[in-house]
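Colleague: I would like to learn how to read the packing in a model such as this one. Could we go through it feature by feature?

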Amino acid sequence: MFKPTVARNSFKALNTARPAAFAASRPAAAFTRPLSYTPALHKKSNDPSKDPIEAATTRAPEGASGEHEGQFARTDESVHIEYPPDSEMPAQPVVQGRGGKHFKRTLAQFSLEKKVSMVTGGARGLGLVMGQGLVASGSDLAIVDLNRDEAVTAAQSLIDQFRKENPGIEDTDMPTVTAHYADVANPDSVNAALTEVLEKHGQIDNLVTSAGFTENFDAINYPFDRMQKLWGVNVDGTYLFAIGVAKHLMERKAPGSIVMIGSMSGAIVNVPQPQAPYNAAKAAVRHLAASLAVEWAGHDIRVNCISPGYMLTALTRKILDENPQLRDKWTSLIPAGKMGTPEDLMGAVTFLLSDASKYITGAELRVDGGYTVT
Ligand SMILES: NC(=O)c1ccc[n+]([C@@H]2O[C@H](COP(=O)([O-])OP(=O)(O)OC[C@H]3O[C@@H](n4cnc5c(N)ncnc54)[C@H](O)[C@@H]3O)[C@@H](O)[C@H]2O)c1
């Protein structure tokens, strides 16, 4: 394996082994930026054919591959995805036929029985369906969302669906599912939500941070206040809930598991829609998970990151129905040939919250149909 310390030490050794006269004749800058120091070997000519470096290159001249060159690998500033205002966001239906009692043998380690899980952004989209997966796996659930009404409706839908899929179940065996308001980007609001959840459930064992959003502006024209909001929800919101839950777990001296929802955009650059701040925010989420995993490992608090690829939620379905060319473009780039569904995250999130992944912390699990490996 490549070890940076080994590289550093051998570089130091090389430097000290140099003759003193050579070291003294080097400009001072060579010692502050040694790895990128490239002395000019020749005077640059305006005529490329006379330039020895240009003459030796195998690079194809501009346009040599035809008009299509790079076209599927670049962002396009003219692509503008219309996200509806929050009041018109389509509600996410709970999924059918996934949570019923089953009699297939499976590892008991996957069970979340006697656990309380909290999902931010759980009123809709991926958060709602992941929450459903956690309830089906035995957990109680606290849904936290900016949209209180939708969170209340979602909590009731989960209860109704659970009862339907488990006919004859005793009331005492029913899961507790609650709904709570929070603006994840606001520390006071986060603390108030944590207090409310603890009042209702008595404890929190697991956290999933799914509150987040994306939007598309080219970098030059990204309104600064929108960018701050995007970072506030995607990064600060993830951080604030993580530290709140970790503090509670440390006070209880209880083990816990946190799953941060990142995105494949934290590792690659999506095309054609421009979204630089979102991509950077999701890279921050991924590294936050790794960093907190190390910081809290001694407290038995695990922190991992799930990075979904393109997933078909009620919202993305609406956007793509209105932009079929964009759907074709996206699916053409996914080795699996299709977008994922929110249900594709149910198993991944259950695994990372459960004892089945007891020795996994600081990891990123990409659920992207192979997008990021091509
Ligand atoms: N859908 C995808 O294709 C996809 C792909 C990769 C990553 N993701 C990530 O998954 C997460 C969920 O995305 P989704 O597609 O389910 O989105 P969504 O818009 O359907 O759901 C997001 C939820 O977060 C809530 N929310 C937004 N701002 C909030 C705030 N300030 N405080 C509290 N709640 C807030 C919304 O009310 C909503 O219920 C996001 O972090 C997103 O970046 C989504």
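**Core and helix packing**

Modeller: Let us begin with the core, where the largest nonpolar core has 66 residues, and Met-130, Ile-143 and Val-349 are those with the most contacts inside it. Helix H8, residues 224–252, gives the most to this core, contributing nine residues. Please keep in mind that this is a predicted model.

Colleague: What is the general idea behind looking for such a core, and how much of the chain is buried?

Modeller: In soluble globular proteins, nonpolar side chains tend to be buried together. Here, buried residues make up 34% of the 374 residues in the chain, whose secondary structure comes to 12 helices and seven strands. Of the contacts between residues at least 6 apart in sequence, 77% join residues at least 24 apart.

Colleague: Which residues does Ile-143 touch, leaving aside those up to four places away in sequence?

Modeller: With that exclusion, Ile-143 touches Val-119, Gly-122, Ala-123, Gly-131, Ala-151, Ala-154, Ala-155, Thr-178, Ala-179 and His-180.

Colleague: How should I read a pair of helices, and at what angle do the axes of H8 and H9 cross?

Modeller: Two packed helices are described by the angle between their axes and the distance between the axes. The axes of H8 and H9, the latter spanning residues 276–296, come within 10 Å and cross at roughly 15°; angles under 35 degrees count as roughly parallel, and H8 and H9 are therefore roughly parallel to each other. Their crossing is right-handed. Among the residues that meet there are Leu-230, Trp-231 and Tyr-239 in H8 and Tyr-278, Leu-288 and Trp-296 in H9, and the residues of this contact divide into 15 nonpolar, two polar and one charged.

Colleague: How do H5 and H6 cross, and which residues make their contact?

Modeller: The axes of H5 (residues 125–136) and H6 (residues 148–165) come within 11 Å and cross at roughly 40°, which makes H5 oblique to H6. The crossing of H5 past H6 is right-handed, and the contact is made by Leu-128, Gly-131, Gln-132 and Val-135 of H5 together with Ala-154, Leu-158 and Phe-162 of H6. These residues divide into five nonpolar, two polar and no charged.

Colleague: Where is Tyr-181 found, and how many other C-beta atoms lie within 10 Å?

Modeller: Tyr-181 is found in strand E3, residues 177–181, and because 17 other C-beta atoms lie within 10 Å, Tyr-181 is partly exposed. Leaving out residues up to four places away in sequence, Tyr-181 touches Arg-148 and Ala-193. The C-alpha atoms of Tyr-181 and Asp-145 are separated by 5.2 Å, although these residues are 36 apart along the chain.

Conventions: Residues are numbered from 1 along each chain as its sequence is written. This is a predicted model: local features need pLDDT of at least 70, side-chain atom pairs count only at pLDDT 80 or more; totals for chains, interfaces and linings use all residues. A nonpolar core is a set of buried Ala, Val, Leu, Ile, Met, Phe, Trp, Tyr and Cys residues joined through C-beta atoms within 7 Å. A residue is buried if 20 or more other C-beta atoms lie within 10 Å of its own, exposed if 12 or fewer, and partly exposed in between; C-beta atoms are placed from the backbone. Helices (H or I, at least four residues) and strands (E, at least two) are DSSP runs, numbered from the N terminus. Two residues are in contact if their C-beta atoms, placed from the backbone, lie within 7 Å. Axes are lines fitted to C-alpha atoms, for helices over the stretch in contact, and angles run from 0 to 180 degrees between N-to-C directions. Angles under 35 degrees count as roughly parallel, over 145 as roughly antiparallel, 65 to 115 as roughly perpendicular and the rest as oblique. A crossing is left-handed if the near helix is turned anticlockwise from the far one by less than a right angle, and right-handed if clockwise. Ala, Val, Leu, Ile, Met, Phe, Trp, Tyr, Cys and Pro count as nonpolar, Asp, Glu, Lys and Arg as charged, and the others, Gly among them, as polar.
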